[in-house]
Amino acid sequence: MNSLDEAKFLDQNDPLSRYRNRFFHPENEIYFDGNSLGKMPIAAQYQLHKTIDEQWGKGLIGSWNNHWIDLPSRIAEKYSQLLGAKKDEIIIGESTSVRLYQSIHALLESNLYPKQLVTDTLNFPSDLYILDGLTRIFKIPKILKLDYSQEIEANVKKLKSSIKESPGIICLSLVSYKSSYLYPMKELNEWANNHRSIIVWDLSHAVGAVPIDFKASATLIATGCTYKYMNGGPGAPAFLFIEKKLQTQIHNPIQGWFGHQNPFNFSDKYIAANDINKFASGTPSVLSMQAMEAGIDIILEAGIKKIREKSILQSENLIDLVKKYLVPNGFHLESPRNSLYRGSHITLSHKSSWQICQTLISGNGNEPRIIPDFRPPNFIRFGITPLYTKHDEIYQLVKRLEAIVKTKSFLSFTLEKPKVT
Ligand SMILES: Cc1ncc(COP(=O)(O)O)c(C=O)c1O
């Protein structure tokens, strides 16, 4: 893609272009942060209004039976279609952090695997904190945290030999939040399964961005956020996948009434549901679930294969433009070069990343604001979300970045950071 005209031609011939209208777009803004918080589907807005006015406002308690009680399992079924799971292998609810805690606690308690907790330096901080907290509860001396002496790619050879030497419970993010590195899921699952180990996958940056098939990839347990590429809304509930046989071998450490076989019998004795629902704890968050359904509906309709094809095309085009216009101006590519090992965001670094980010966000005269996000120490991430990212937006982004560094306009922006970056 060498010119704005070429970018526009690609947009005109884009098989996914019709999905852009299914989202709300703030005026004069180009959004590259769908890897952090996806855009709002118009249908979610409609659904939320309906839920508030009719179901909560007028229907009140009657709405549980009329509209809400089957909502989590309906959404779970849709996620199972996307992820190559059986419909009773997925549950929706809680946050990814809580689901990681439940999963790893349950595995440690089960004694199915050696009590060795493993992760690597590419993993998301919340995952590390959860593991750290569990070492205290289970009196595990320390986490084995693999360091590959760079943060762009995992060293799969090193990871595999570590699993062989120190089998246990390994927690990895399928797509790493900083560099966008994509692990070879099937190869690692099979390796772990053959070496008395299990991988607990965090799919937060992968779901809705790359095709995932739990059965084909021999995955046993996984969780992930739905507010990024799944466009489920801020704080949308996570999903948890547990393979059918494993479900029978582990217990939910948070035994609440919604995980009971018959919650509305109000029995004093806890009897766990005999399916994935035993991993429920409290009342489902209805408003968030009503909001998140539109996101999965659009992804199923568009098809994850087509989404991935466009994501690779756009990422490759972005990387080519970065090499041509930005690398000579002090930027570095911090994502894997090979699309086989890359998710759907592209990370760049520059010594003045924070100020450059602020310059993009503030816009330029009549030109649109451009929204990426910043991760310390000096990474700028650009999320490619094929359902609404246009080719011409990618071209505009690179030319704007080039102008910002050439004119040094970023120097007028402060180095101070707000609470959310
Ligand atoms: C890879 C990854 N894991 C976990 C989380 C945390 O998810 P939650 O806030 O749902 O606990 C995030 C949040 O951005 C993330 O990117």
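**Empty space and ligand contacts in a predicted model**

Modeller: In this predicted model, a polar side-chain atom of Lys228 is placed 2.8 Å from an oxygen atom of the ligand. The protein covers 85% of the 400 Å² of accessible area that the ligand has on its own.

Biologist: Which other polar atoms of the protein approach an oxygen atom or a nitrogen atom of the ligand?

Modeller: A polar backbone atom of Thr96 lies 3.0 Å from an oxygen atom of the ligand. On the side chain of Ser204, an N or O atom is 3.5 Å from a nitrogen atom of the ligand.

Biologist: Which residues are found around the ligand?

Modeller: Around the ligand are Ser95, Thr96, Ser97, Phe124, Asp127, Ser173, Asp202, Ser204, His205, Cys225, Tyr227 and Lys228. By class, this shell comprises six polar, three nonpolar and three charged residues.

Biologist: In which pocket does the ligand sit?

Modeller: The ligand occupies the second largest pocket. A pocket is an open set of points, whereas a cavity is one from which the probe cannot get out.

Biologist: How should one look for such enclosed space, and how many cavities of 30 Å³ or more are there?

Modeller: The general idea is that a probe the size of a water molecule, rolled over the atoms, reveals where empty space remains. In this structure, two cavities of 30 Å³ or more are counted. The largest cavity has a volume of about 50 Å³, and the second largest has a volume of about 40 Å³.

Biologist: Which residues line the largest cavity, and from which domains does its lining draw?

Modeller: The lining of the largest cavity consists of Gly208, Tyr229, Asn231, Ile299, Ile307, Thr385, Pro386, Leu387 and Tyr388. Domain 1 (4-31 + 303-412) and domain 2 (45-301) each contribute at least three residues to this lining.

Biologist: How many residues of each class, nonpolar, polar and charged, does that lining have?

Modeller: Six residues lining the largest cavity are nonpolar and three are polar, with no charged residues.

Biologist: What lines the second largest cavity, and how do those residues divide by class?

Modeller: The second largest cavity is bordered by Glu151, Ile152, Lys178, Ser179, Glu334 and Phe379. Three residues of this lining are charged, two are nonpolar and one is polar. Glu151, Lys178 and Glu334 are the charged ones, because Asp, Glu, Lys and Arg count as charged.

Terms used. Residues are numbered from 1 along each chain as its sequence is written. This is a predicted model: local features need pLDDT of at least 70, side-chain atom pairs count only at pLDDT 80 or more; totals for chains, interfaces and linings use all residues. Side-chain values use heavy atoms; hydrogens and water are left out. On a 1 Å grid over the protein atoms alone, a cavity is a set of points where a 1.4 Å probe fits but cannot get out, and a pocket is an open set with protein on both sides within 12 Å along at least five of seven lines; lining residues have an atom within 4 Å of a point. Grid points are joined across faces, edges and corners, and a volume is the space filled by probe spheres set on the points. Domain bounds come from an automatic or database domain assignment. A residue is near a molecule or strand if one of its heavy atoms lies within 4 Å of it. A polar contact is a pair of N or O atoms within 3.5 Å; within protein, one must be able to donate a hydrogen and the other to accept it, and residues adjacent in sequence count only if both atoms are side-chain atoms. Accessible areas come from the Shrake-Rupley method with a 1.4 Å probe; for residues, only the protein chains shown count as cover. A molecule sits in a cavity or pocket if more than half of its atoms lie within 2 Å of its grid points.
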